[in-house]
Amino acid sequence: MTDYKHSVYTILRNEPLTDAVWRLVLEGDTQWITRPGQFVNIALEGHYLRRPISVCDADATTLTLIYKVVGEGTRRMSAMRAGERLDLLTGLGNGFDPSKAAPHTLLVGGGVGVPPLYKLAKELLAAGRRVTVVLGFNTASEVFYADEFERLGCTTIVATADGTRGVKGFVTTAIAERAADFGYFYACGPLPMLRALCDGVRQDGQLSFEERMGCGFGACMGCSCRTKYGNKRICKEGPVLEKEEIIW
């Protein structure tokens with residue numbers, strides 16, 4: 001028996017957030033999205049491999065995905081309009097475990113690692129946690145979803161490498177300057193950011209890894225990661241792993 005769902009979804013909205021980042025809202029079956037941090041795998045005509053996209057938000061009937069246009073597949077996605085349909089595998093990945101959060105919890109996102117933290121923030125706030133979010137980008141024109149986190153009620157800090165918005169530097173710079181008193185963290189972003197975060201903070205946390213995936217559900221073994229407990233597949237045992245188990 002599989003632990004994911006194959007279904008067809010209808011596009012409600014497909015809109016740009018920045019020059020390269022788009023928000024896609026779909027209508028369909030969301031019952032297999034059980035944790036923040038899970039992802040879907042999208043089939044696109046003319047492309048052999050599906051595109052893995054993290055889930056930004058979901059409710060009883062809609063699914064929100066945020067993706068970056070980086071190749072022909074995602075470029076084709078950005079041209080799709082309301083009413084068109086997409087074939088998805090949903091409920092993939094193990095997601096974040098919100099039960100481990102501290103009274104003051106830190107969320108750290110870098111670039112397209114930001115979206116899966118949104119649903120997590122909603123759940124943590126609903127559970128009475130104080131949530132600080134640090135979002136890292138290269139420059140001000142790339143910033144997205146900072147306002148959305150603010151509207152949820154999170155303390156939101158933006159860091160840009162060139163200093164054009166918020167703290168000048170990386171997410172670790174912003175954490176050291178403005179958010180050092182948290183008790184636990186959740187993070188998603190590029191590998192150098194995740195490693196710098198683990199090296200730079202003493203607190204425990206969970207990290208969601210970005211990885212190229214073949215199948216998306218553990219069959220091809222193409223996205224393995226070394227841990228203290230042996231190799232783990234990012235698409236199956238991940239994408240979320242505990243800080244203490246990762247071998248860098």
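Which residue in S6 does His6 stand opposite? I began with this one. The model is predicted. In it, His6 stands opposite Leu89 in S6.

**Entry 1: the barrel**

I then looked up the strands around that pair. S1 covers residues 5–16 and S6 covers residues 85–92. The two strands pair in the antiparallel sense, over six bridges. I traced the sheet further and found a closed barrel of six strands. Its order is S1-S2-S5-S4-S3-S6, with antiparallel pairing. Neighbouring strands of this sheet are turned by 45° against each other on average, direction ignored.

**Entry 2: Thr10**

I picked Thr10, which lies in strand S1. Is Thr10 buried or partly exposed? Thr10 counts as partly exposed because its relative accessibility is 22%, and buried would mean under 20%. I checked its contacts, leaving out residues up to four places away in sequence. Thr10 touches Val25, Leu26 and Glu27. Thr10 also touches Gly83, Glu84 and Arg85. I looked up one C-alpha separation too. Thr10 and Leu86 are 76 residues apart along the chain, yet their C-alpha atoms are separated by 6.5 Å.

**Entry 3: helix H2**

Next I went to H2, residues 116–126. Which residues of H2 are buried? I noted Pro116, Leu117, Tyr118, Lys119, Leu120, Ala121 and Leu124. I asked what covers them. The cover includes the strands S4 (51–58), S7 (104–110), S8 and S11 (184–189). Helix H3 (146–152) is also part of that cover. Just after H2, I found Gly128 with a positive phi of about 90°.

**Entry 4: Glu148**

I stayed with H3, where Glu148 lies. Why does Glu148 count as buried? Its relative accessibility is 16%, and the cut-off for buried is under 20%. Glu148 touches Arg23 and Tyr118, not counting residues up to four places away in sequence. Tyr118 is one of the buried residues of H2.

**Entry 5: a pocket**

Last, I looked up the second largest pocket. Its volume is about 550 Å³. How many residues line this pocket? I read 26. Gly111, Gly136, Phe137, Asn138 and Glu142 lie nearest its centre. Three elements each supply at least two residues of the lining: strand S8 (130–137), helix H4 (171–178) and helix H5 (191–200). H5 gives the most, with four residues. I sorted the lining by class as well. There are 14 nonpolar, eight polar and four charged residues. S8 thus turned up twice in my notes: in the cover of the buried residues of H2 and in the lining of this pocket.

Conventions
Residues are numbered from 1 along each chain as its sequence is written. This is a predicted model: local features need pLDDT of at least 70, side-chain atom pairs count only at pLDDT 80 or more; totals for chains, interfaces and linings use all residues. Side-chain values use heavy atoms; hydrogens and water are left out. On a 1 Å grid over the protein atoms alone, a cavity is a set of points where a 1.4 Å probe fits but cannot get out, and a pocket is an open set with protein on both sides within 12 Å along at least five of seven lines; lining residues have an atom within 4 Å of a point. Grid points are joined across faces, edges and corners, and a volume is the space filled by probe spheres set on the points. Ala, Val, Leu, Ile, Met, Phe, Trp, Tyr, Cys and Pro count as nonpolar, Asp, Glu, Lys and Arg as charged, and the others, Gly among them, as polar. Buried means under 20% relative accessible area, exposed over 50%, partly exposed in between (1.4 Å probe, protein chains only). Contact means heavy atoms within 4.5 Å. Two strands pair if DSSP finds at least two bridges between them. Axes are lines fitted to C-alpha atoms, for helices over the stretch in contact, and angles run from 0 to 180 degrees between N-to-C directions.
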